[in-house]
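Hi,

Here is the model I promised to pass along. Have a look first, and my notes on what turned up in it follow below.

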Amino acid sequence: MRSMTSRHHRIPIRETWIIVGLVCSAAALGGLWALDWPLAQVKVAATFGTPAQGRMITGVALAAGDGLVKAVDDGELAFVFDGKTTPSGLPSTLGAFAVVEQQNDLAGVYAHMAAGSVSNYLTVVKRDSILGKVGSSGWSEGPGLLFELFDRKRGDWVNPLLVLPPAPDDKAPVIRSVALSSGDKTYVLGETSSIPQATYRISADIVDPSDAPWTAGPPAPYTIRLSIDGTEIVRRVFDVAVAANGELGFFTQDTSSATGLRTPDGRYLLGERLLARGRSTIELSAEDANGNRRSVSWSVTIR
Amino acid sequence: MEETGRRGIAVVVVVLAGLAYFLVCALPLPKELLLLPVWTRGLSSSPASAPTTATLSPGTEVRPFRTDANFGYFSPAGDILFSAPGPDGLALAKDSYATYDRLSTGFSVKAPNGAELFKVTMAGYPFFAAGRRFVLAPSQSAVTELDSGGAQRWKYEFSSVITAFGASPRLAVFGLMDGTLVGLDPSGKEMLTFASGGSRIPGIYGVAVSPDSRYVAAIAGLDRQRLVVLEKRSSAYRVTWHRWLDSDFRRPVAIAFTEDGKRLMFEAPGGVGVFESDTRNYFLVNSPTADRLGLSIIPRDILVLLTGSPDSKRLVCVAPPDRRLVDLPIQTDRTFIDISGDSIFLAVDDQLLRLDMREE
């Protein structure tokens, strides 16, 4: 098994139009990045796609014990909720939260703020306007902020790390193992170098280390690539999530149901592949949104 | 002399005409509405001999109550089944309740007498409406409906954050941050999908469903905000009425149909807006800012509203469109109202009282 890590420049690869538009507008305003972080100190506790209570997070969770929540961009307050029950009896698992209508048809959701702290007098919001205080209201595992970005034009959730400045993170994702399963047989690459010819279900255990774990599942990487004999057969990019027909799906390309992305024990499902007799090189790489990348490859004999 | 006679005749004619008017045309004075106190009960703690449904005579109706401090059940006759300190997490309905923690991964659904009906293991917050039981996922963009045994009936992922909700026994409608309404039947099948346009910023701030599911109403959008009423025709819901509003609410808005489905009431600047579904009439009942509505329609066409600011409320009874029959200030931040027939059940601070309406 060969393993290597590298650090690349942060190159958002989702739809060019949104990135270019946001960065250009930020540049026009003299800013370096399209959006600012909503908290003064950034500790990413959960990334876009991180599993949490049977679902995957469609934003970024930031751990913080205290502090103020600031608007990431100019906009207008579109919805504010103090965290109690609505007149209809609908509770709020997002706790006290606010929705800010931003430029470019984006809406920012700031959730789990301290109950009673959410500004209800602002209508026009400037970048860095204070929206409330950090809290742990609603269904949140710890004090902090869940920030989500919704693209109104496309009707999907956008990974906020695409348009936020790079977080202080130089750790590459960790690839714990890759398993090939066929029937009731499972082979873990690295533990065996010879497997019979068959169609295998390929799964990987990958985590993106965090200094501030917040949710039940380990943070998801940004990109997962699987290559066999030099040909990329799977590319999973946690760029967008969209709900259609009552189901949540991830990825712009080859959108996949969130329920089918992982095994019950939390491994990423990377599809099925017929491995024919001979020698094969299987390479897996995982990259976070900062461009920290780790690649691992295995040489396998298929008999 | 002749002129004096004519003047006398004119006076007599005027007097007779006036008399005829009062006898023929005058309307009787309307009856006054009286609120007669029937009983008062303390809610600070359960009475030592609190009756349970087992000790109540079979078929006795029980109703839930909830103030900021307490919750429990009572009977219209004045029996308090129990009154317990209200937890932060509470789903309450006539037939059951559930308490839950902030990080709830499960809860017990209990009958009004405290007996456990079933347990549910699921992350999220339960909420009950129209005889149906739902669980809101931690993301606030997915909902599960439970069947009568607590098993999952369906689960639905919505396109964005749920901001409003209304339900009838046959239709649950969810309003979303992105301005969409999605209506699901008890099997989870989509019965309604509607994107409210026309406003600069889309959004749904309140949803109501008439008890017979015929009408769905929503407060939608910003700049400008509007009320949209959809009506089910054949098998589809279509916009049957809409009105641009003067409001600019950016928070959940109270909106509800009356029990007979003929009137829709909703928060409006300066009072409560009323839309009559049969006649398409709209009128405003002037009242201090309404932050929460206790609504009902009495058989005699009297609107009973609980309006006001969080710490100062008013019990208002109105004969449509604008004849105010009762306007009772209530200086408290702990208020609860429920209405059944001619009886109003009103909780003020630690007291629950029954007021019966009589016209005299």
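Before the strands come up, a word on terms: two strands pair if DSSP finds at least two bridges between them. Helices (H or I, at least four residues) and strands (E, at least two) are themselves DSSP runs, numbered from the N terminus. Everything here is a predicted model, in which local features need pLDDT of at least 70 and side-chain atom pairs count only at pLDDT 80 or more, while totals for chains, interfaces and linings use all residues. Residues are numbered from 1 along each chain as its sequence is written, and chains are lettered from A and ligands numbered from 1 in the order in which they are written.

On confidence: the model scores ipTM 0.87 and pTM 0.88. Chain B has a mean pLDDT of 87, with 90% of its residues at 70 or more (pLDDT being the predictor's confidence in each residue, from 0 to 100). Among the elements of chain B, strand 14 (residues 172-176) has the highest mean, 98, and strand 25 (residues 296-297) the lowest, 62. Where pLDDT is low, the predicted coordinates should not be read in detail.

Now the two chains. Chain A has one helix and 25 strands, and chain B has one helix and 31 strands. Of the 303 residues in chain A, 46% are buried; for the 360 residues of chain B the figure is 42%. Buried here means that 20 or more other C-beta atoms lie within 10 Å of the residue's own; 12 or fewer makes it exposed, anything in between partly exposed, and C-beta atoms are placed from the backbone. I call two residues in contact if their C-beta atoms, placed from the backbone, lie within 7 Å. Among contacts in chain A between residues at least 6 apart in sequence, 65% join residues at least 24 apart, and the corresponding share in chain B is 41%.

Strand 12 (residues 144-151) of chain A is a good place to start. Seven of its eight residues are buried, so the rest of the structure largely encloses this strand. What does strand 12 of chain A pair with?

- Strand 5 (residues 59-63) of chain A runs antiparallel to it over five bridges, with A:Gly59 bridged to A:Glu148.
- Strand 9 (residues 106-113) of chain A is also antiparallel to it, over six bridges; here A:Ala111 partners A:Leu146.
- Strand 13 (residues 156-158) of chain A is joined to it by three bridges, again antiparallel, and A:Phe150 stands opposite A:Trp157.

Strands 12 and 13 of chain A make a hairpin with four residues between them, and A:Gly155 in the turn has a positive phi of about 70°.

In chain B, look at strand 11 (residues 142-146), where four of five residues are buried. Strand 10 (residues 132-136) of chain B pairs with strand 11 in the antiparallel sense over four bridges, B:Val135 being matched with B:Thr144. That hairpin has five residues between its strands, with B:Gln140 in the turn at a positive phi of about 60°. Strand 12 of chain B is antiparallel to strand 11 too, over five bridges, and B:Ala142 stands opposite B:Glu157. This second hairpin also has five residues between its strands, and the positive phi in its turn, about 95°, belongs to B:Gly150.

As for the interface, 37 residues of chain B are in contact with 34 residues of chain A. Strand 9 (125-129), strand 12 (152-157), strand 13 (162-167) and strand 17 (201-209) of chain B each supply at least two residues of that side of chain B. Strand 13 of chain B gives the most, with five.

The largest nonpolar core holds 176 residues, and A:Leu62, A:Ala98, A:Tyr110, A:Leu145 and B:Ala217 touch the most other members. By nonpolar core I mean a set of buried Ala, Val, Leu, Ile, Met, Phe, Trp, Tyr and Cys residues joined through C-beta atoms within 7 Å. Strand 18 (residues 215-222) of chain B contributes the largest share of this core, seven residues. Leaving aside neighbours within four places in sequence, the contacts of A:Ala98 include A:Tyr110, A:Leu77 and A:Leu131.

One last spot is B:Leu353, in strand 31 (residues 351-359) of chain B. B:Leu353 counts as partly exposed because it has 16 C-beta neighbours inside 10 Å. Its C-alpha atom is 6.3 Å from that of B:Arg41, 312 residues away along the chain.

Cheers
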